[in-house]
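Q: Please take a close look at one part of this protein for me. I am in my first year, so keep the steps short.

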Amino acid sequence: MQVSAPKVRTAVENDQIVPVFQPIVSLETGLVSGFEVLTRWKHPRQGLILPTNFIELAEQQGLIDLLTDKILHTAFIVARAAAPDSMLSVNISPIQLRNRLLPGRVRALCRETRWPVEQLTIEITETAIIDNLDMASRVAADLKSMGCRLAVDDFGTGYSSLLHLQSLPFDELKVDREFVREMPHKRESRKIVGAVLDLARSLDLLTVAEGVENEEQCEMLFRLGCQFGQGWLYGKAMPAIQLPRFTQCPTLCNCATFRARDVEQEEHIELAVSTPAAQLKAVYDSGMDCVLEPTNP
């Protein structure tokens, strides 16, 4: 979809670009722990327009700070009324991470709307860090010192991921959706996700997998030790009016389901040990050939 810079400016100034909220779910409980704040342009004729069609233009026109301030202000107000105990996550543009004034603006917005800064996670892409590591480190340190949590977004897609984890005070690591999407089909993707999750655990970072679309991916992530998931399996981006009634994964996909399945499989195997043939059938029925590590690549 083609949009023009003047129309984007009009949309920002007239508050046509609004926040929507995508749930982040605990894989342990299936409960919603928070929401990522995303944006949609409510075009009067074309309907909802995705941010890939206007964020770059907003950056080029010098509108990204104004847009971010408006989105956060609205998001904090509606979330305080609809989901006051939730965490909110927001992705910061690489351009904004070069601005030392960003932390002060975030602090002022939190005070004005009475949103607890401790319930805000700032997501930083590796691209933003690569552009200016020194300034990114200063801005990140200021955000951290005022109480914000920091997440590295799309981990593994940049060039110096380990350096970035060492240089910035992150609390959370988000596994890129491309790796998650390929997990059921590619052994290499499963190994990469497993290695990333192991690294995060060794650094005491919380882990969130993006782009979870089906229960197979969810179960793999849970068994690999991922703590939280985000994606269409749990819910698409929604308006604030839906937040109060959205408290858990609608498919009830959580580790309790997976553990119950394990118990059933173990009991099935124990009951089937009377003959070698029955035992072999039980092993195949239980999936002990392991969906996570097939014998052949």
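A: Here is a walk through one helix pair, followed by some places around it.

Keep in mind that this is a predicted model. Start with the whole protein. Its secondary structure comes to 12 helices and nine strands. Of its 297 residues, 46% count as buried. Now take the contacts between residues at least 6 apart in sequence: 68% of them join residues at least 24 apart.

Next, the helix pair. Two packed helices are described by the angle between their axes and the distance between the axes. Here the pair is α3, residues 64-82, and α4, residues 102-113. Their axes come within 10 Å and cross at roughly 30 degrees. Angles under 35 degrees count as roughly parallel. The two helices α3 and α4 are therefore roughly parallel to each other. The crossing of α3 past α4 is right-handed.

Which residues of α3 and α4 make the contact? From α3 come Asp65, Asp69, Leu72, His73, Phe76, Ile77 and Arg80. From α4 come Arg105, Leu109, Cys110, Glu112 and Thr113. Sort the residues of this contact by type, and you get five nonpolar, two polar and five charged.

One residue of that contact, Phe76 of α3, leads on to a strand. Phe76 is among the residues that Leu88 touches. Leu88 is found in strand β4, residues 87-92. Is Leu88 buried or exposed? Leu88 has 0% relative accessibility, so it counts as buried. Leave out residues up to four places away in sequence, and Leu88 touches Phe21, Phe35, Val37, Ala75, Phe76, Ala79, Trp115, Gln119, Leu120 and Thr121. Look at Gln119 in that list. Leu88 and Gln119 are 31 residues apart in sequence, yet their C-alpha atoms are 6.2 Å apart in space.

Now go back to the end of α4. Arg114 is found in the loop between α4 and β5, where β5 covers residues 120-125. Arg114 has a positive phi of about 60 degrees, although it is not a glycine. Its relative accessible area is 59%, so Arg114 is exposed.

Strand β5 comes after that loop. Thr125 has its place in β5. With a relative accessible area of 13%, Thr125 is buried. Setting aside neighbours within four places in sequence, Thr125 is in contact with Asn91, Pro94, Asp153 and Asp154.

Helix α3 has a part in one more story. What covers the buried residues of α1 includes β1 (17-26), β2 (32-43), α2 (55-60) and α3. Helix α1 spans residues 5-13, and its buried residues are Ala5, Val8, Ala11 and Val12. Where do these buried residues sit, seen down the axis of α1? They fall within an arc of 120 degrees, so they line one face of the helix. The general rule helps here. An α-helix has 3.6 residues a turn, so residues three or four places apart point the same way.

Just after α1, Asp15 takes a positive phi of about 60 degrees. Asp204 has a positive phi of about 60 degrees too, although it is not a glycine. Asp204 lies in the loop between α9 (187-202) and β8 (206-209). Asp204 counts as exposed, at 71% relative accessibility.

Definitions and conventions
Residues are numbered from 1 along each chain as its sequence is written. This is a predicted model: local features need pLDDT of at least 70, side-chain atom pairs count only at pLDDT 80 or more; totals for chains, interfaces and linings use all residues. Side-chain values use heavy atoms; hydrogens and water are left out. Axes are lines fitted to C-alpha atoms, for helices over the stretch in contact, and angles run from 0 to 180 degrees between N-to-C directions. Helices (H or I, at least four residues) and strands (E, at least two) are DSSP runs, numbered from the N terminus. Angles under 35 degrees count as roughly parallel, over 145 as roughly antiparallel, 65 to 115 as roughly perpendicular and the rest as oblique. A crossing is left-handed if the near helix is turned anticlockwise from the far one by less than a right angle, and right-handed if clockwise. Contact means heavy atoms within 4.5 Å. Ala, Val, Leu, Ile, Met, Phe, Trp, Tyr, Cys and Pro count as nonpolar, Asp, Glu, Lys and Arg as charged, and the others, Gly among them, as polar. Buried means under 20% relative accessible area, exposed over 50%, partly exposed in between (1.4 Å probe, protein chains only). The arc is that of the directions from the helix axis to the C-beta atoms.
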